[in-house]
Amino acid sequence: PGGDLGNTETEIGRILQSSTIVNPLFKGSAPSADVLLHALQSSDSYFYFGHGSGESYLPCSELTKISQACCPVFLFGCSSGRLHEYKEGFQGDGPLLSYL
């Protein structure tokens with residue numbers, strides 16, 4: 001959404017361009033958390049290509065507001081699987097687990 005990954009946008013764009021089910025709703029723009037929450041509940045799938053895990057657009061705390069099952073989510077950010085550590089000996093947390 002930040003528009004600063006030109007090579008990724010070009011390469012992935014070529015692949016997705018041939019798809020009839022892709023709607024680049026947030027390409028080059030930063031959606032609000034409310035807009036993303038609605039999209040997760042009303043879309044067939046959600047792909048994130050960007051920096052981090054997309055948490056700057058939809059924080060984990062906002063994901064708890066989803067009132068129904070969300071669509072399949074594919075996170076392709078550089079730290080999409082990274083967990084935040086609470087304290088030693090406790091399970092971490094992060095966007096990946098929040099989507100589950």
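A nonpolar surface patch is built from residues with over 30% relative accessible area and no salt bridge, with nonpolar side chains such as Phe joined within 5 Å. Keep that in mind for the first exercise, and remember that you're looking at a predicted model.

**Exercise 1. Work out which residues make the nonpolar surface patch, and check that Phe-74 can belong to it.**

*Step 1.* Find the members: Phe-47, Phe-74 and Phe-76 make a patch of about 280 Å².

*Step 2.* Place Phe-74 in the chain: this residue sits in strand S2, which covers residues 73-77.

*Step 3.* Test the cut-off. Phe-74 has a relative accessible area of 35%, so this residue is partly exposed. A patch member needs over 30%, and Phe-74 has 35%.

**Exercise 2. Describe the overall layout of the chain, and say where the prediction is most and least confident.**

*Step 1.* Count the elements: there are four helices and two strands.

*Step 2.* Put them in order. Starting at the N terminus, you read α-α-β-α-β-α.

*Step 3.* Look at burial and surface. The chain has 100 residues, and 28% of them count as buried. Its accessible surface is about 6900 Å², with 53% belonging to carbon and sulfur atoms.

*Step 4.* See how far contacts reach along the sequence. Take the contacts between residues at least 6 apart: 70% of these join residues at least 24 apart.

*Step 5.* Now the confidence. The average pLDDT is 79, and 84% of the residues score at least 70. Helix H2 (residues 33-42) comes out highest, at 87, while helix H4 (residues 95-99) is lowest, at a mean of 79. Where pLDDT is low, don't read the predicted coordinates in detail.

**Exercise 3. Explore the largest nonpolar core, then follow the contacts of Leu-58.**

*Step 1.* This core has 13 residues, and those touching the most other members are Leu-40, Tyr-46, Leu-58, Leu-63 and Tyr-99.

*Step 2.* Ask which elements supply the core. H2 and strand S1 (46-50) each give two or more residues, and H2 gives the most, with four.

*Step 3.* Zoom in on Leu-58. Skip the neighbours within four places in sequence, and you find contacts with Ala-33, Leu-36, Leu-37, Leu-40, Leu-63 and Tyr-99.

**Exercise 4. Decide whether Glu-62 is buried or exposed, and list what this residue touches.**

*Step 1.* Locate Glu-62: look in helix H3, residues 60-63.

*Step 2.* Compare with the cut-off. Buried means under 20% relative accessible area; Glu-62 has 18%, so this residue is buried.

*Step 3.* Leave out residues up to four places away in sequence, and Glu-62 touches Ala-33, Asp-34 and Leu-37.

**Exercise 5. Find the salt bridge and classify the accessibility of both partners.**

*Step 1.* The structure has just one salt bridge. The side chains of Arg-14 and Glu-11 form the pair, at 2.7 Å from N to O.

*Step 2.* Both partners belong to helix H1 (residues 6-17) and sit three residues apart, about one turn of the helix.

*Step 3.* Arg-14 has 52% relative accessibility, so this residue counts as exposed. Glu-11 has 43%, so this one counts as partly exposed.

**Exercise 6. Pin down the surroundings of Ser-79.**

*Step 1.* Ser-79 lies in the loop between S2 and H4.

*Step 2.* With a relative accessible area of 18%, Ser-79 is buried.

*Step 3.* Beyond the neighbours within four places in sequence, Ser-79 contacts Gly-52 and Ser-53.

*Step 4.* Finally, take Pro-95, 16 residues from Ser-79 along the chain: their C-alpha atoms are 9.8 Å apart.

Technical notes
Residues are numbered from 1 along each chain as its sequence is written. This is a predicted model: local features need pLDDT of at least 70, side-chain atom pairs count only at pLDDT 80 or more; totals for chains, interfaces and linings use all residues. Side-chain values use heavy atoms; hydrogens and water are left out. Patches are made of residues with over 30% relative accessible area and no salt bridge: like charges are joined within 9 Å, nonpolar side chains (Val, Leu, Ile, Met, Phe, Trp, Tyr) within 5 Å. Accessible areas come from the Shrake-Rupley method with a 1.4 Å probe; for residues, only the protein chains shown count as cover. A salt bridge is a side-chain nitrogen of Lys or Arg within 4 Å of a carboxyl oxygen of Asp or Glu. Buried means under 20% relative accessible area, exposed over 50%, partly exposed in between (1.4 Å probe, protein chains only). Contact means heavy atoms within 4.5 Å. pLDDT is the predictor's confidence in each residue, from 0 to 100. A nonpolar core is a set of buried Ala, Val, Leu, Ile, Met, Phe, Trp, Tyr and Cys residues joined through side-chain atoms within 4.5 Å.
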